[in-house]
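Welcome! Let us take a walk through a protein model, going from its sheets to its helices and then to a few single residues.

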Amino acid sequence: MDYGKDILNRLIDMYERRGAFDKDASSLRAIQIEVKKVYPAYVDRYNHEAYKDINVAIEKLCVEEFVFAEKNSAGQYSKVRLNIAGVSECYRKLKRTSIPEQCEKVKKSLTEYRNSESQIVQAVIKDWCQCLEEYKKLPYDLKYDGKRASEIIRVLQAVSKLNSETYIRNFSTALFKDSKRFQKEFRSTVETILFDYTDEVVEKDDILGFYNLYENPTYVMVKGNVVIQLDTSVIDVSEMPDGIALSNASLEKIRAVTVKANKVITVENLTTYHDSDEDDAVHIYLGGYHNYSKQLLLEKIYADNKSRDYFHKGDLDVYGFLILENLKEKTGIPFRPLMMDVATIERFYKAGLYKELTVSDVKVIEEKKNTKLAAYVDVLQFMLDKNCKVEQESIKALELME
């Protein structure tokens with residue numbers, strides 16, 4: 001072992017952990033190591049070689065004025081203390097970059113994105129620069145890695161520009177000329193950042209889809225008494241008992257939609273879609289938050305069929321209501337909740353068909369119940385009081401039990 005280098009690195013590590021680079025030297029308590037604790041071999045009477053090498057290393061560091069140390073009467077060093085006045089030379093000797101210098105380099109690497117049109121990118125850079133101003137490590141395990149931070153911002157910038165369904169491998173190829181690199185190196189971090197900085201409360205597993213980034217093609221499933229007109233053909237969905245699945249790409253080919261039922265019901269879950277059997281309704285499976293293509297389809301349906309009643313059937317949890325409000329806000333369609341009331345959740349609760357709330361659930365309910373979700377405060381309060389939430393897939397099980 002190069003004991004001299006190891007001793008200096010340990011002392012500089014302590015110096016950095018204490019934030020000594022940002023403090024007046026006179027206010028610092030001694031930055032030192034206890035030799036026998038760090039190097040047990042130093043007091044091993046059978047390991048004279050280690051004892052000799054450590055002594056030589058300490059003596060050399062003292063001569064170079066990197067440290068202060070004194071021998072006892074037996075010729076042993078008890079403690080080695082860093083010479084604060086020589087810290088800059090220590091960094092040069094070790095070929096280490098000081099934390100203030102690292103922070104400046106990271107800030108410089110982020111400057112090209114300061115004028116980004118993405119609100120998320122702007123918010124992330126603002127928070128990161130604040131960390132760097134205070135000499136704190138960046139979150140998401142980025143620490144002081146300017147290259148990695150810049151790459152993450154570049155990915156966030158690209159994600160924020162997606163306005164149509166995009167497949168992850170294509171996205172990765174376009175960005176890195178490597179179809180798997182996004183998945184391997186960036187997906188987990190980018191998902192977490194988007195989850196943290198997205199105003200809409202979206203579950204983490206769905207966050208990439210919220211920004212139009214998907215593993216595979218997604219579909220809108222439609223069933224009921226409805227006729228869909230394309231450029232050169234017409235589809236009468238009522239002739240298909242289980243309905244039809246339309247890819248996002250095919251949604252753009254729809255020219256007109258005629259709803260012959262009195263209700264249009266969007267559903268959050270696929271099982272709920274398959275279980276729904278109301279005759280006088282058209283059911284549309286959205287799969288959580290809708291994307292741009294699905295929004296266009298809903299707007300087309302509403303434009304052609306404004307006299308119909310519009311409902312949404314989602315999970316009886318806080319996210320189900322947030323999805324409903326997002327649906328209303330983005331499409332402008334006056335959706336009403338269906339089977340998302342106190343009476344329904346009480347049925348599930350009494351039957352024991354519910355899950356307990358997570359810490360995150362409680363936090364979001366408390367934040368939103370009197371603001372964005374004020375219209376649903378009664379059912380949200382029931383959730384809090386009974387510590388319960390319900391998935392709509394359970395409805396058939398409930399009916400069998402009753």
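What you see is a predicted model. Begin with an open sheet of three strands, ordered β1-β3-β2, whose pairing is antiparallel. The edge positions belong to β1 (32–34) and β2 (67–71); each has a single partner strand, so one side of each is left without a neighbour in the sheet. On average, neighbouring strands here are turned by 15 degrees against each other, direction ignored.

How many bridges join β1 to β3? Three bridges do so, and these two strands run antiparallel, with β3 covering residues 77–82. You can look for one pair yourself: Ile-33 has Val-80 in β3 as its bridge partner. A helix belongs in this picture too, since α3 (residues 48–63) lies across β2 and β3. The direction of α3 makes an angle of about 130 degrees with β2.

Now move to another sheet. This open sheet has three strands in the order β8-β7-β10, again with antiparallel pairing. Here β8 (234–236) and β10 (256–259) stand at the edges with a single partner strand each, so one side of each is left without a neighbour in the sheet. From one strand to the next, the twist averages 10 degrees. Strand β7 (residues 226–229) pairs with β8 over three bridges in the antiparallel sense, and Ile-228 stands opposite Ile-235 in β8. As general background, strands of a sheet pair through backbone hydrogen bonds, either parallel or antiparallel.

Next, the helices. In α15 (residues 342–351), the buried residues are Thr-344, Ile-345 and Phe-348. Why do they line one face of the helix? Seen down the axis of α15, the buried residues fall within an arc of 90 degrees, so they line one face. After α15 comes Gly-352, with a positive phi near 80 degrees.

Helix α7 (residues 146–160) holds Gln-157. Is Gln-157 buried or exposed? Its relative accessible area is 18%; because buried means under 20%, Gln-157 counts as buried. The side chains of Gln-157 and Ser-116 are joined by a polar contact of 2.4 Å. Not counting residues up to four places away in sequence, Gln-157 touches Ser-116, Ser-118 and Val-121.

Leu-162 sits in the loop between α7 and β4 (166–167). Leaving aside neighbours within four places in sequence, Leu-162 is in contact with Phe-171, Tyr-211, Asn-212 and Leu-213. Leu-162 is also 166 residues away from Lys-328 in sequence, and their C-alpha atoms are 22 Å apart in space.

Two loop residues deserve a look at their backbone angles. Most residues other than glycine have a negative phi. Tyr-135, in the loop between α6 (119–133) and α7, has a positive phi of about 60 degrees although it is not a glycine. Asn-212, in the loop between α10 (207–210) and β5 (213–214), is a residue other than glycine with a positive phi near 70 degrees.

Here is how accessible some of these residues are:

| Residue | Relative accessibility | Class |
|---|---|---|
| Leu-162 | 19% | buried |
| Tyr-135 | 25% | partly exposed |
| Asn-212 | 8% | buried |

Asn-212 links two parts of this tour: this buried residue is among the contacts of Leu-162.

Key:
Residues numbered from 1 in each chain as written. Heavy atoms only, no water. Helix = DSSP H or I, 4+ residues; strand = E, 2+ residues; numbered from the N terminus. Buried < 20%, exposed > 50% of the residue type's maximum accessible area, 1.4 Å probe, protein only. Polar contact = N/O pair within 3.5 Å; in protein donor to acceptor, adjacent residues only side chain to side chain. Contact = heavy atoms within 4.5 Å. Pairing = 2+ DSSP bridges. Axes fitted to C-alpha atoms, helices over the stretch in contact; angles between N-to-C directions. Arc of directions from axis to C-beta.
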